[in-house]
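Hi,

Here is the structure I promised to pass on. Have a look at it first, and then read my notes below.

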Amino acid sequence: MSFMMPPDELNLDKLRNHGGKMIVVQGTADGVFSVDDTQNWYDQLLQHYKNDAKGTAPEFARFFRVPGMNHTRDGIATDQFDALTALVNWVEDGQAPDKIIATARGAGNPSGQVNTELPQDWAPDRTRPLCPYPLIARYNGQGNSEKAENFSCK
């Protein structure tokens, strides 16, 4: 696995200094790479840039965990989301993503591919906010619990 790691994985100075942005998205049920390892790396990144005069890590790098998602999709998860548009909006418009809306791939979803692992009691169009780590989505206690707008990242 060492071929997949850069020599100094915590040094993102070139990315930051050139105005670059990075969004890391990973499923919590990823059977290929441990989300715990990615979270540990991000925790170290937060510490590395904690007192940096040029900016803290969340100003140029954000980590989003997708509850229940496998390596790239599927699992008991809202696994359909657009992180690319979130990245473009951050780079081009300065709008750092405070959440990314994810949808379940139930019958009739835009991709046309149904996630057969979804529980029967889920709405086919269930949505949830993916929150930048360390925040997690919490139901606000009111409104339809199948809709992202009734959740907050806390």
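**What I found**

The structure holds 6 aromatic pairs. One of them joins Tyr42 and Tyr133: the ring centres are 6.1 Å apart and the planes are at 80°, which makes the pair edge-to-face. Tyr42 sits in helix α2 (residues 35-48), while Tyr133 belongs to the loop between β4 (127-130) and β5 (137-139), so this pair ties together parts that are 91 residues apart in sequence. Both of these tyrosines, Tyr42 and Tyr133, are buried.

Tyr133 also pairs with Phe63. Here the centres are 5.7 Å apart and the planes are at 55°, so the pair counts as tilted. Phe63 comes from strand β2 (residues 61-66) and Tyr133 from the loop between β4 and β5, so the two rings tie together parts that are 70 residues apart in sequence. How buried are these two? Phe63 has a relative accessible area of 0%, and Tyr133 has 16%, which still counts as buried. Add Trp41 and you have the whole group: ring pairs link Trp41, Tyr42, Phe63 and Tyr133 into a cluster.

**Stepping back to the whole chain**

Please keep in mind that this is a predicted model. The chain has 3 helices and 6 strands, and going along the sequence they come in the order α-β-α-β-α-β-β-β-β. The radius of gyration is 17 Å, close to the 15 Å that the globule rule gives for 154 residues, so the chain is as compact as a globular protein of that length. If you want a feel for the dimensions, the C-alpha trace spans about 50 × 35 × 25 Å along its principal axes.

Of the 154 residues, 37% count as buried. The chain exposes about 9100 Å², and carbon and sulfur atoms supply 51% of that area. As for contacts, take those with a separation of 6 or more: residues 24 or more positions apart account for 58% of them. On the charge side, there are 15 positive and 20 negative side chains, and the centres of the two sets lie 4 Å apart.

**Two more residues to click on**

Start with Ile23, which is in strand β1 (residues 22-27). Is Ile23 buried or exposed? Its relative accessibility is 17%, and the cut-off for buried is under 20%, so Ile23 counts as buried. Ile23 and Arg62 are 39 residues apart in sequence, yet their C-alpha atoms are 5.0 Å apart in space. Arg62 is also on the contact list of Ile23, which, leaving aside neighbours within four places in sequence, has Phe64, Ala83, Ala86, Leu87, Trp90, Pro97 and Ile100 on it as well.

Then go to Thr78, in the loop between β2 and α3 (83-93). Although Thr78 is in a loop, this residue is buried, with a relative accessible area of 6%. What does Thr78 touch, not counting residues up to four places away in sequence? The partners are Val66, Ala102, Thr103, Ala104, Trp122, Arg126 and Arg128.

If you open just one view, I'd pick the ring cluster of Trp41, Tyr42, Phe63 and Tyr133.

Cheers

Methods
Residues are numbered from 1 along each chain as its sequence is written. Side-chain values use heavy atoms; hydrogens and water are left out. Helices (H or I, at least four residues) and strands (E, at least two) are DSSP runs, numbered from the N terminus. The radius of gyration is taken over C-alpha atoms; the globule rule is 2.2 Å times the number of residues to the power 0.38. Buried means under 20% relative accessible area, exposed over 50%, partly exposed in between (1.4 Å probe, protein chains only). Contact means heavy atoms within 4.5 Å. Accessible areas come from the Shrake-Rupley method with a 1.4 Å probe; for residues, only the protein chains shown count as cover. Lys and Arg count as positive and Asp and Glu as negative; His and the chain ends are not counted. The place of a charge is taken as NZ of Lys, CZ of Arg, CG of Asp or CD of Glu. Rings of Phe, Tyr and Trp (its six-membered ring) pair if their centres lie within 6.5 Å; planes under 30 degrees apart count as stacked, over 60 as edge-to-face and the rest as tilted.
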